[in-house]
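Q: Please take a close look at the strands in this model. How are they paired, what covers them, and what else in the chain helps to place them?

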Amino acid sequence: MRIPLALLIPLMVGMALIDFYLWSDVKASTKRRGWRMAFWISTAVCWIALIVTLCLPRREEGSDILPVMWMLYAILSVYLAKLAYTVISLIGRLFALFRKRAKGYRWARVVGCLAGIVLLAVMWEGVFFTRYKILVNEVEVVSPSIPRPFDGYRIAQISDLHVGTWGKDTTFVSNLVDSVNSLHPDLIVFTGDIVNRETREIKPFLSVLSRLKAPDGVLSVLGNHDYGDYMDWSTPEARDNNNRALARHQKEIGWCLLNNERRFLTRGNDSIMVIGVENIGDPPFPSYGDLEKALPSSRDSIFNQNDKNYKILLSHNPAHWDDYVSHKTNIQLTLSGHTHAMQMMFKIGDWEWSPAVFRYPLWGGMYERLNENGVETRMYVNIGAGEVGMPSRLLSAYPEITLFILHHKAGQ
């Protein structure tokens, strides 16, 4: 976890301005020494915690990111609550100045306190409740290209486990495994980011993850966090060993890792192709994948990106579908993850919105597009089951399991 200096300095200046503004309100609200001391002591604790956190090792081999993650989240939650109060208090102060009514300003301080408390509660509800509440989204996929023997075929998708965020506590991952198995899928797919930074994070979870079972097995791909790019390795060999160990562990637990490869699912004489590519990302995320290697584009090949067979692509970053797959190929269904919906989502009825839209236009759910050949292509973005950066999921950004049920289009 690296915090750019160009971002850190403005944030710290903003925090200082908020504290000075709050001090002006504290002075205006009370003359009790105890309340004033409580303000300065709590403020000093936050600043000391921030300085200690910034000094902790974060990218070195063997360093533990969890203390940094938790301390930064605690500080963030406090200062967002302070910011909510500051904004409302400022509005009240300006209103009172314009209307020459001090009473309006006093009410603004009360409302600001309530807003700060509510925001703080929401932040910590995401820690203690929302990130444990597993949501199963059932999606019907209908296409004339789906062979008749696959009508009713069930695929369970999970993504972005980031098991390192749980340390050695396997409770949530165990519940997730049980939830997936209870759906009785024919196939389970994992679309990347099983760890945060390094392979050793997965060791406490190997036994739990090995319990994922389906008749056609578990197919997986790698995400941007699975390559060790978020660590400063002592040698290139150390990073290579880390990456080889992750592939080895997935094999040990019975998963089939598709690194620019394809597999066939068969029912009688019919089949569906599942293609898996290594991470193909938009900047600043590096690209390791090669769809051409997994499935050639040349129509001279028996199987190719534009043949009429039903194909499912596992590709971690939805930008891959947006930039290439949906335009240039006949791959009918792409399954992605990566966005997490920025671990914050608002949902009212069927309407959903996430601030992730400002970074990822295709951030969650199903998307459809006609390619250059007039063939309908779809992508589903799973918002993930784990957390990275902040150990929290806010509002309706529940950990997701997606269950796809395939149907041959009637009358075809």
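A: The answer takes the strands sheet by sheet and then turns to the helices for context.

The model is predicted. One open sheet is built from 6 strands, in the order β1-β15-β2-β3-β4-β5, and its pairing is mixed. Its edges are β1, residues 135–143, and β5, residues 255–257, each of which pairs on one side only. From one strand to the next the twist averages 25°.

Within this sheet, β2 and β15 can be followed residue by residue. Strand β2 covers residues 154–158 and β15 covers residues 400–408; the two run antiparallel and are joined by 4 bridges. One contact to look for is Gln157, whose bridge partner in β15 is Thr402. In general, the strands of a sheet pair through backbone hydrogen bonds, in either the parallel or the antiparallel sense.

Strand β4 of the sheet, residues 218–221, is preceded by a loop that comes after α6, residues 206–209, and Arg211 lies in this loop. Is Arg211 buried or partly exposed? With a relative accessible area of 32%, Arg211 is partly exposed, because partly exposed covers the range between the 20% limit for buried and the 50% limit for exposed.

A further run of pairings starts at β6. Strand β6, residues 261–267, runs antiparallel to β7 and is joined to it by 7 bridges. In that pairing, Arg262 has Ile275 of β7 as its bridge partner. The two strands form a hairpin with 2 residues between them, and Gly268 in the turn has a positive phi of about 65°.

Why can β7 be called largely enclosed by the rest of the structure? The strand spans residues 270–276, and 5 of its 7 residues are buried, so the description follows from the count. Besides its antiparallel pairing with β6, β7 pairs with β8 in the parallel sense, over 4 bridges. Here Val274 stands opposite Ile312 in β8.

From β8 the pairing goes on to β9. Strand β8, residues 311–314, runs parallel to β9 and is joined to it by 3 bridges. Leu314 stands opposite Leu335 in β9. Strand β9, residues 333–336, is covered on both faces: Leu333 and Leu335 are buried on one side, and Thr334 and Ser336 are buried on the other. In a regular strand, side chains alternate between the two faces of the sheet.

A separate entry is an open sheet of 3 strands in the order β11-β10-β14, again with mixed pairing. Its edge strands are β11, residues 351–353, and β14, residues 394–395, and each of them pairs on one side only. Strand β10, residues 344–348, runs parallel to β14, with 2 bridges between them. Met344 has Leu394 of β14 as its bridge partner.

Two aromatic pairs can be set beside the strands. The total in the model is 15 aromatic pairs. One of them, Trp23 with Trp40, is tilted, at 5.1 Å centre to centre and with 55° between the planes. Trp23 belongs to helix α1 and Trp40 to helix α2, so this pair ties together parts that are 17 residues apart in sequence. Another pair, Trp166 with Phe172, is stacked, because the ring centres are 4.9 Å apart and the planes lie at 15°. Trp166 is buried at 7% relative accessible area, and Phe172 is also buried, at 2%. For the tilted pair, Trp23 is buried at 18%, whereas Trp40 is partly exposed at 35%. Trp23 and Trp40 also form one aromatic cluster with Phe39.

Phe39 leads on to the second largest pocket. This pocket has 23 lining residues, and those nearest its centre are Leu22, Val26, Phe39, Tyr85 and Cys113. The elements that give two or more residues to the lining are α1 (5–29), α2 (33–55), α3 (66–99) and α4 (102–128). Helix α4 gives the most, with 8 residues. The pocket holds about 750 Å³ of space, and its lining is made up of 13 nonpolar, 6 polar and 4 charged residues.

A final distance relates the loop before β4 to another point in the chain. The C-alpha atoms of Arg211 and Ala115 are 44 Å apart, with their positions 96 residues apart along the chain.

How values were computed: Residues are numbered from 1 along each chain as its sequence is written. This is a predicted model: local features need pLDDT of at least 70, side-chain atom pairs count only at pLDDT 80 or more; totals for chains, interfaces and linings use all residues. Side-chain values use heavy atoms; hydrogens and water are left out. Two strands pair if DSSP finds at least two bridges between them. Axes are lines fitted to C-alpha atoms, for helices over the stretch in contact, and angles run from 0 to 180 degrees between N-to-C directions. On a 1 Å grid over the protein atoms alone, a cavity is a set of points where a 1.4 Å probe fits but cannot get out, and a pocket is an open set with protein on both sides within 12 Å along at least five of seven lines; lining residues have an atom within 4 Å of a point. Grid points are joined across faces, edges and corners, and a volume is the space filled by probe spheres set on the points. Ala, Val, Leu, Ile, Met, Phe, Trp, Tyr, Cys and Pro count as nonpolar, Asp, Glu, Lys and Arg as charged, and the others, Gly among them, as polar. Rings of Phe, Tyr and Trp (its six-membered ring) pair if their centres lie within 6.5 Å; planes under 30 degrees apart count as stacked, over 60 as edge-to-face and the rest as tilted. Buried means under 20% relative accessible area, exposed over 50%, partly exposed in between (1.4 Å probe, protein chains only).
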